[in-house]
Every structure is written in C-alpha cells, then in structure tokens.
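Grab a coffee and open the viewer. Here are some short exercises to work through with the sequence and the coordinates side by side.

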Amino acid sequence: MERNKQKGAKAFAILFFIVLPVEAGLCQMFCGGGRREIIFSVLFTVFFCGITIFYLERFREWLTRRPYYRQVIFICMGIGLPLAFFYGAYQLPPVFYLSAVLIAALVELGAGFLFAAGFWALAVLNCEESKLEAVSLLMLGLVLCLLASFLWEKRYLFRVLVLGGIVTAILYFLRTSVFDREALLILGRELFATAAIQGSAALFIHLYLTILRRKRGNL
C-alpha cells in the first residue's frame, strides 16, 4: 500500500513537471508570444510547480486524508493554466480563478492562495493592465479563495455570492473614477463573472461529494 502511494506521488510529480510546462509553452505560443516569452513561461511554470510540490510535501500526511487531491490539483492546474494565459490575450473574464477556488475548497486553503497567485502572475503577463488593476485582480482571487470553504454548505451559497459581488464592486470602484453607462456595463460583467466562478465551484464541489458518496457506498 505504501509503495503504491509512493509511486502515485512520483507519477504526480513527473506529470506536474513535464505536462504543465509544455502546456504553458504552447499556450504562450498561441497567445502570440515570441521565443523569449515562451521560454520565460516554461521556466516560470517549472519554478511554480517546484514551489507547489515543496508546499504540498509539508502537508503530505494531512492531504492523504483528502480523497483524489492529486487528481483535483492536476486537473485544476491543467484547466486553469490556459485560461490564465488567454485572460489578457483574448480579454476573457478571470475564470481561471475557478481552479484556485476549487483547490482552496477541496485540497487546502494555502494551496488555493498559492495557485491563485500563480495564475494571476501568468494572467498579467499577457495583458496591459495598470498596476492598480493588477493588484485588484489579485485581491479578487485571494478573497474568492477565502470564501471557498463556505461553498460546501448550500445554505451559505447566497451569502457567498452576495459577499463576492460586494468585494467585486468595491475593487472596481477603487480603481475607476468613471461612472457612466459603459462603466456600469463593465461592472455588471465583472459581477456576473464572479457569481459564475462561485456558482460553478459550488456545483463541482457537489459533484465531488456525490462521487465520494457513491464510492463509499460501493465499498
């Protein structure tokens, strides 16, 4: 049993250090980046993967009690990575934070913060946002991760959506002094994106719990 766990950990690390950097390089290439940007993205992803493995190793015994935590991290990283790259290149909402929120809820809060910061760094790499907008984007990700633990309970979902919307609005008004119709439309899109991230995270958490119940019921 212990050997199987060790093999699983090694396979996870190998996939982490090979698949994700390659994916980062391909994403940067699709975003129109040159050789320098592609190399930087690959090296940054390798560095980020190393930090992640080191961080998770500190909580190895505790994480073994979290079912499928490696699969959750790998899938969330594999999906969140291209979304972070395409955020600035294709003017997408910050939906890459969905991966960080799921990791914060299903794995560990600190890991969620770590992934939110990593995705944020990759997102601002390909966009022309101001420093204030970049800081606002990072703060949004950290707050969404803080609220992630409440998504386990359906009774808290409405409150979480309201809090997420309030934080989104505050961050928006802190970085803009324009309150015309276009500004309100942008705010509306940001509020919708935040609600979509939190609602989708709650749905995936429910599916995760359903899978666990079925597995335990078959034992």
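Below are five exercises on this predicted model, each with a worked solution.

**Exercise 1. Classify the ring pair Phe-96 and Tyr-97, and say whether each residue is buried or exposed.**

Start with the overall tally: a search of the whole structure turns up eight aromatic pairs. For Phe-96 and Tyr-97, the ring centres sit 4.5 Å apart and the planes make an angle of 50 degrees, so this pair is tilted. Pairs over 60 degrees would count as edge-to-face, and those under 30 as stacked. Now check the cover. Phe-96 has a relative accessible area of 0%, so it is buried. Tyr-97 comes out at 1%, so it is buried too.

**Exercise 2. Do the same for Trp-152 and Tyr-208, then find where each one lies.**

Take the geometry to begin with. The ring centres of Trp-152 and Tyr-208 are 6.3 Å apart and the planes stand at 80 degrees, so call this pair edge-to-face. Next, the location: Trp-152 is in the loop between helix H7 (131-147) and helix H8 (157-174), while Tyr-208 is in helix H9. With the two positions 56 residues apart, the pair links distant parts of the chain. Finally, the accessibility. Trp-152, at 29%, is partly exposed, whereas Tyr-208, at 10%, is buried.

As an extra, look for one aromatic cluster made of Phe-48, Phe-115 and Phe-119.

**Exercise 3. How many residues of helix H5 are buried, and what does that say about its surroundings?**

Helix H5 covers residues 97-106. Go along the helix and apply the cut-off for buried, which is under 20% relative accessible area. The buried residues include Tyr-97 at the start, then Leu-98, Ser-99 and Ala-100, and later Ala-104, Ala-105 and Leu-106. The score is 10 of the 10 residues, so helix H5 is largely enclosed by the rest of the structure.

**Exercise 4. Find the salt bridges and work out what parts of the chain they involve.**

The count is two salt bridges. One joins Glu-153 and Arg-155, with the closest N and O atoms 3.9 Å apart; the cut-off is 4 Å, so this pair qualifies. Glu-153 is partly exposed at 39%, and Arg-155 is exposed at 59%.

The other joins Arg-175 and Glu-190, whose closest N and O atoms are 2.4 Å apart. Arg-175 lies in the loop between H8 and H9 and Glu-190 in helix H9, so this bridge ties together parts 15 residues apart in sequence. Both ends are partly exposed: Arg-175 has a relative accessible area of 24%, and Glu-190 has 23%.

**Exercise 5. Which residues form the positive surface patch, and which helix gives the most to the nonpolar one?**

For the charged patch, pick out Lys-154, Arg-213, Lys-215 and Arg-216. Arg-213 belongs to helix H9 (residues 181-218) and is exposed, with a relative accessible area of 53%.

For the nonpolar patch, look for an area of about 1100 Å² whose members include Ile-14, Phe-17, Val-22, Phe-30, Val-46, Tyr-90 and Leu-92. Helix H1 (residues 2-30) gives the most, with nine residues. Val-22 is in helix H1, and at 49% relative accessible area it is partly exposed. Exposed would need over 50%.

Technical notes. Residues are numbered from 1 along each chain as its sequence is written. This is a predicted model: local features need pLDDT of at least 70, side-chain atom pairs count only at pLDDT 80 or more; totals for chains, interfaces and linings use all residues. Side-chain values use heavy atoms; hydrogens and water are left out. Patches are made of residues with over 30% relative accessible area and no salt bridge: like charges are joined within 9 Å, nonpolar side chains (Val, Leu, Ile, Met, Phe, Trp, Tyr) within 5 Å. Accessible areas come from the Shrake-Rupley method with a 1.4 Å probe; for residues, only the protein chains shown count as cover. A salt bridge is a side-chain nitrogen of Lys or Arg within 4 Å of a carboxyl oxygen of Asp or Glu. Lys and Arg count as positive and Asp and Glu as negative; His and the chain ends are not counted. The place of a charge is taken as NZ of Lys, CZ of Arg, CG of Asp or CD of Glu. Helices (H or I, at least four residues) and strands (E, at least two) are DSSP runs, numbered from the N terminus. Buried means under 20% relative accessible area, exposed over 50%, partly exposed in between (1.4 Å probe, protein chains only). Rings of Phe, Tyr and Trp (its six-membered ring) pair if their centres lie within 6.5 Å; planes under 30 degrees apart count as stacked, over 60 as edge-to-face and the rest as tilted.
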